[in-house]
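I'm opening a fresh notebook page for this one. I'll jot down what I look up as I go, in no grand order.

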Amino acid sequence: MINGEELTHLLILINQSLLAGSATASKHYEEILQVNARLLDSTAQLIRKGQQLGEFYSGDAQEMAVLFYASIQGLAQMKVLLKSNFTMPSPAILTAFLLKERK
């Protein structure tokens, strides 16, 4: 999201498609839901792996994946709204709820 608009627009488009699909019979609605579920599940698996390695905080990996993607979606919306006034948070801020401090 820092270097271009493509990811931002993709995230907004997915969000709008899901919201519109819930009210209308979109032929791609179910497919988008399935891709989204797979993405969340894959991310939750990565979080579990980080927890097993002791690098991530303990907690419900699925909830943590949802929080991560909700943050990214919200940032995409903020980038569109704020335009040149948008400042992308650092990776350290975005992952602070996941990563344990290294000693």
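**Ile32 and its surroundings**

I looked up Ile32 before anything else: its relative accessible area is 22%, so Ile32 is partly exposed. A note to self here is that I'm working with a predicted model. The cut-off for buried is under 20% and exposed starts over 50%, which is why 22% lands in the class in between. Ile32 sits in helix 2. I then asked which residues Ile32 is in contact with, once its neighbours within four places in sequence are left aside. I got Ile14, Ser17 and Leu18. For Ser17 I also pulled the C-alpha separation from Ile32, and it came out at 8.2 Å, with the two positions 15 residues apart along the chain.

**Whole chain**

I stepped back to get the layout. I count 4 helices and 0 strands in the chain, and the order from the N terminus reads α-α-α-α. The chain has 103 residues, of which 26% count as buried. I also checked contacts between residues at least 6 apart in sequence: 53% of these join residues at least 24 apart.

**Helix 2 by itself**

Back to helix 2, which covers residues 29–52. I ran a sanity check on its length: 24 residues at 1.5 Å a residue should span 34 Å, and the end C-alpha atoms are 35 Å apart, so the two agree. Then I listed the buried residues of helix 2: Tyr29, Leu40, Thr43, Ala44, Ile47, Gly50 and Gln51. Just past the end of helix 2 I noted Gly54, with a positive phi of about 80 degrees.

Gln51 got its own look. Is Gln51 buried or exposed? Its relative accessibility is 19%, so Gln51 counts as buried. Skipping residues up to four places away in sequence, I found Gln51 touching Phe56, Tyr57, Ser58, Gly59, Ala61 and Met64.

**Helix 2 against helix 3**

Next I asked at what angle helix 2 and helix 3 pack. I got about 120 degrees, with the axes 8 Å apart; helix 3 is residues 61–82. That angle makes helix 2 oblique to helix 3. The crossing of helix 2 past helix 3 is right-handed. On the helix 2 side, the contact uses Leu39, Leu40, Asp41, Thr43, Ala44, Ile47, Arg48 and Gln51. From helix 3 I wrote down Ala61, Gln62, Met64, Ala65, Val66 and Tyr69. Sorted by class, I have 9 nonpolar, 3 polar and 2 charged residues in this contact. Leu40, Thr43, Ala44, Ile47 and Gln51 are on my buried list and in this contact too.

**Further along helix 3, and just after**

Gln77 is also in helix 3. Its relative accessibility is 34%, so I put Gln77 down as partly exposed. Gln77 touches Ile12 and Asn15, not counting residues up to four places away in sequence. I also looked up Gln77 against His9: they are 68 residues apart in sequence, with 8.9 Å from C-alpha to C-alpha.

Last entry is Lys83, in the loop between helix 3 and helix 4 (91–94). I flagged Lys83 for its phi, near 50 degrees and positive in a residue other than glycine. Most residues other than glycine have a negative phi, so a positive one gets a note from me. At 63% relative accessibility, Lys83 counts as exposed.

Notes
Residues are numbered from 1 along each chain as its sequence is written. This is a predicted model: local features need pLDDT of at least 70, side-chain atom pairs count only at pLDDT 80 or more; totals for chains, interfaces and linings use all residues. Side-chain values use heavy atoms; hydrogens and water are left out. Axes are lines fitted to C-alpha atoms, for helices over the stretch in contact, and angles run from 0 to 180 degrees between N-to-C directions. Helices (H or I, at least four residues) and strands (E, at least two) are DSSP runs, numbered from the N terminus. Angles under 35 degrees count as roughly parallel, over 145 as roughly antiparallel, 65 to 115 as roughly perpendicular and the rest as oblique. A crossing is left-handed if the near helix is turned anticlockwise from the far one by less than a right angle, and right-handed if clockwise. Contact means heavy atoms within 4.5 Å. Ala, Val, Leu, Ile, Met, Phe, Trp, Tyr, Cys and Pro count as nonpolar, Asp, Glu, Lys and Arg as charged, and the others, Gly among them, as polar. The expected span of a helix is 1.5 Å times one less than its number of residues. Buried means under 20% relative accessible area, exposed over 50%, partly exposed in between (1.4 Å probe, protein chains only).
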